[in-house]
Amino acid sequence: MQKIDLSGLWQVYLDAEKQPGLPAAYPDAMTLPGTTSAAGLGPENPARETYFLTDAHKFEGYAWFTRTFEAGDWQDMAVLLRLERTRKTTVWLDGKEVGSHCSLCAPHLYFLPGLAAGVHTLVIRVDNTDYPTRGGHLTSQDTQSNWNGITGEISLTVGKCIVTGIQVFPDIPGGRIRLRACVTGEHSGFASVGLPGQMEQLIPIHGQALEGTLPLTGSEALWDEFEPNLHTLTIDVEGDVYETTFGLRKFETKGRSLLCNGREVFLRGKHDGLIFPRTGYAPTDVDSWRRVLQTAKDYGVNHYRFHTCCPPDAAFTAADELGIVMSPELPFWGTIREEGEEGYDAAENTFLFGEGLRMLGEFGHHPSFVFMSMGNELWGSKKELNRMLAAYRRFDPDKLYISGANNFQWVPEVLQEEDVFVGVRLSGDRLIRGSYAMCDAPQGIVQVTEPESVSDYDRMIAPEVMSGASGKTGKIQIQYGTGVKEVDAQSAQAFIPQVPVISHEVGQYEFYPDFNEIDRYTGPLKARSFEVFRERLQAAGLWEDHERFFRAAGQLAIDCYRREIETFLRTSELSGFQLLDLQDFTGQGTALVGVLNAFMESKGLITPAQWRQFCASTVVLGCFERFVLAEGDELTFSVQVSECDPRRRHSAVCCELLDGESLLAVATVPVQETGRRLSRKTEVCFGQVWTHSDRPVRLTVRLTLEDGTHNTYPLWIFPQKNVQITKDGIVSGEKRIRFVRSVAEAKACGMPAIVIPDCKGKLPAAYASDFWCYPMFRSISQSMGKPLPVGTLGLCVDAQHPWLEGFVKEDCTTPAWYRILQTAHCENTPCAAPVVQMIDNTERCQRLCILWEEEGVPHLTARLWEDAEDVTVRAFAASLAEAMA
């Protein structure tokens, strides 16, 4: 057997008009693998896109590639041309058409006719238009762009026989593996198949089908997240030897529990849309994927959900090595229809069904390939989805099958052939994640409740009593992709799923741009969106604050993600979550929702070790009703442990109360194991807490297991202030401040005064960070006639300002501000240096003030009298009175 590498220099002709016939000339040249855009071919694109990255050499049409190669005497040999990761292709050999392929996921395999010795000419036409389906994130300008080219292996394999499509199905209880492959070429009717340390066995080949079983010894190591052991299978056909790796593992479901090799699994997943902005396309080498997946693993991730796409083989290989659980999807985001229904597209349905078989056949032997999903947020025929799922299961019974991510949205359902439910709600108000867009209200607990760490979603997933019907009836408008759709919302009895539940696209908390990233876009995709955002900030007089905004907004977004993730870990009825995202998303309005940038690099806001305190296989959880206490309050909370690693056992948690590095109290409590992932809660009481100061004090609770695994929680202890707050003003001892409506009234009142502007029609002072990104959901809300998103990214505080001398000293949003913000709104005013301001998004770019000075007079949007008894409000009011009166 020979393998000939065809990578290197190819002659190129670009034809945007898609003219018929072979080109007369090839005026350009480029290196393959690669894309025409990365090679700088095609016209310069002057656009400055703000919804996605700008392709500097955007080209759509036919890209013709040609080169010659020298053959030996191959007339009696099988010759296979392999094109990995490309678009629609057609191949010509010596001027004669060989065939066409259109898979977006699997390699294009062409068996070439018998070749005589000598030089031959190969022509490949790649077409990145008129796909048989829209292609999801495989072809989207929101992710890797609609590139043209061939980005993976380009090779010829020559042999008497060629083996393709090797599949391995472990049967651990039966003590064997089942093998299936396709053999092309002349053969004796048998293949010699073996495992290391075992005698090879002859397995018959019927036609082109090689299928049989091999026994296991029972001593083989299993594959899982913690010990991703791999084994090698060899197939010898007529002296040509093929190898493939596989893992021995069994994923299954037991009620709402997800099991791997008989033990409970909890998925800490991330979304992936194949965003690789440096090249504009996904890599096909294992080293690149190993770096990407290891970075995710460093942040506690053990699961990848590929949104409407399937990664190349190298990604599965790296995931096999690292113990990452993969869930690829069909490249589809829309409505599945069955024959006879309006809008039915037989060609598209045939393509999608075939694409799933190609994905399973090409990548199914990888132990990391655990889930197979039909796409993203699908609607349409449940009968057709069930038919496809059943057929896939017959082809590959080793996978767990998902009808799609967040299918049927407001009226979800677990289909008959479905193994796992992935969604965001179980009925209109049974929510299973912490944040939602305004057009998808009601919103989640992270958005609408005071920060705490006691909530979970158990009652949402499996309520003890279901009362009446749930869901909508008639016609409803829903978010559909990045637009709007009106659908029939049939009356749906609220259901309790009896399969594992995974929360879909969780988080989506927005970070502020890091403008230092602009120069990192050295490839074909340019961050001209960031350039536009920079110009907007400069025009609005906000540019000098962008670094402060980046840090402050980042800390709030991280805190929101922490609340989200820990809520999932406290939910015993949940089997996992899929973040959107650990990294920034470069499209759909430019959604900067990651603690990592789009290159999977740290933004410098939190270390991997700090993130793993609350997102890892082992997390010790503190359950606090509130993070703000008044002096004299009793500090009581609970602890429990989320443990997924079967090698680890815990007997106790050491609980410490710290003021900086000073130890104030300590208690050791037992870990009460339940036989499942989540231990029982154990109560801890540290007694009364005191500030010993006239200012708030920040303390830390540190929870540590015997092996050093720990988690920390900040607490703010506030002194009791003798202050009266009414609509008229603040009285603190001998100090008095009057609340007035205007600067003129303040200057005329004869005493210290604060202007409280009218809040009518003003933007509320939201605590949580904006969802996804303002431009996209502003547009969707407008289309649906729903309230617009608030679109803010938290506070930026001049914490050292004299007015805040008696308040907390963080320069970003913390729980100490929550109750104050519930009484406040944002005032759009051109103040140069607000004391407290809300960070606006980069589309609207307003200076949103909460506390500032104008014409020498303090202004405040918080109507403190609305929550006058809260300890944080009283401390804030006392600080203002002390500084101003």
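Select strand 8 (residues 88-93) together with strand 11 (residues 118-127) in this predicted model. The two strands pair in the antiparallel sense over six bridges. Within this pairing, tryptophan 92 has valine 123 of strand 11 as its bridge partner.

Next, add strand 9 (residues 96-101) to the selection; strand 8 pairs with strand 9 as well, again in the antiparallel sense, through five bridges. Here leucine 93 is matched with lysine 96 of strand 9. The hairpin of strand 8 and strand 9 has two residues between the strands, and aspartate 94 takes a positive phi near 50° in it.

Now display the side chains of strand 8. In a regular strand, side chains alternate between the two faces of the sheet. In strand 8, Lys88, Thr90 and Trp92 point one way, while Thr89, Val91 and Leu93 point the other way. Is strand 8 enclosed by the rest of the structure, or open to the outside, and why? Six of its six residues are buried, so strand 8 is largely enclosed by the rest of the structure.

Move to strand 6 (residues 62-71) and select tryptophan 64. Tryptophan 64 has 1% relative accessibility and therefore counts as buried, the cut-off being under 20%. Then add glutamine 11: although 53 residues separate it from tryptophan 64 in sequence, their C-alpha atoms are 8.1 Å apart in space.

The helices come next. Select helix 1 (residues 286-298) and helix 2 (residues 313-322), whose axes come within 8 Å and cross at roughly 50°. Helix 1 and helix 2 are therefore oblique to each other, and helix 1 passes helix 2 in a right-handed crossing. To view the interface, show Val286, Trp289, Arg290, Leu293, Gln294 and Lys297 on the side of helix 1. Their counterparts in helix 2 are Ala314, Ala315, Thr317, Ala318, Ala319, Glu321 and Leu322.

Which residues touch the most other members of the largest nonpolar core? In this core of 195 residues, they are Trp611 and Trp817. Helix 8 (residues 546-569) gives the most to this core, contributing twelve residues. A second, separate core has 28 residues, among them Ala71, Val79, Ile150 and Ile154. Returning to tryptophan 611, display its contacts beyond four places in sequence: Tyr299, Tyr561, Ile565, Leu579, Leu582, Val595 and Ile606.

Select aspartate 545 next, in the loop between helix 7 (528-540) and helix 8. Is aspartate 545 buried or exposed? Its relative accessibility is 7%, so aspartate 545 counts as buried. Neighbours within four places in sequence aside, aspartate 545 is in contact with Gln837 and Arg847.

Continue to leucine 848, which lies in strand 55 (residues 848-854). With 1% relative accessibility, leucine 848 counts as buried. Residues up to four places away in sequence not counted, leucine 848 touches Leu763, Thr792, Cys826, Glu827, Asn828, Gln837, Met838 and Asp840. For a view across the model, draw a line from the C-alpha atom of leucine 848 to that of glycine 149: the two residues are 699 residues apart along the chain, and the atoms are separated by 47 Å.

Two open sheets remain. For one of them, select three strands in the order 39-41-44, where the pairing is antiparallel. Strand 39 (618-623) and strand 44 (682-688) are the edge strands, each pairing on one side only. From one strand to the next, the twist averages 25°. Strand 41 (residues 634-643) is joined to strand 44 by five bridges. Glutamate 634 stands opposite glutamine 688 in strand 44.

The other open sheet has five strands in the order 40-46-45-42-43, and its pairing is mixed. Strand 40 (628-630) and strand 43 (662-670) stand at its edges; each has a single partner strand, so one side of each is left without a neighbour in the sheet. Neighbouring strands of this sheet are turned against each other by 25° on average, direction ignored. To close, select strand 42 (residues 652-659) and strand 43, which run antiparallel and are joined by eight bridges. Cysteine 654 stands opposite threonine 668 in strand 43.

Technical notes: Residues numbered from 1 in each chain as written. Predicted model: local features only at pLDDT ≥ 70, side-chain atom pairs only at ≥ 80, totals over all residues. Heavy atoms only, no water. Core = buried A, V, L, I, M, F, W, Y, C linked by side-chain atoms within 4.5 Å. Buried < 20%, exposed > 50% of the residue type's maximum accessible area, 1.4 Å probe, protein only. Helix = DSSP H or I, 4+ residues; strand = E, 2+ residues; numbered from the N terminus. Contact = heavy atoms within 4.5 Å. Pairing = 2+ DSSP bridges. Axes fitted to C-alpha atoms, helices over the stretch in contact; angles between N-to-C directions. Parallel < 35°, antiparallel > 145°, perpendicular 65-115°, else oblique. Left-handed = near helix turned anticlockwise from the far one by under 90°.
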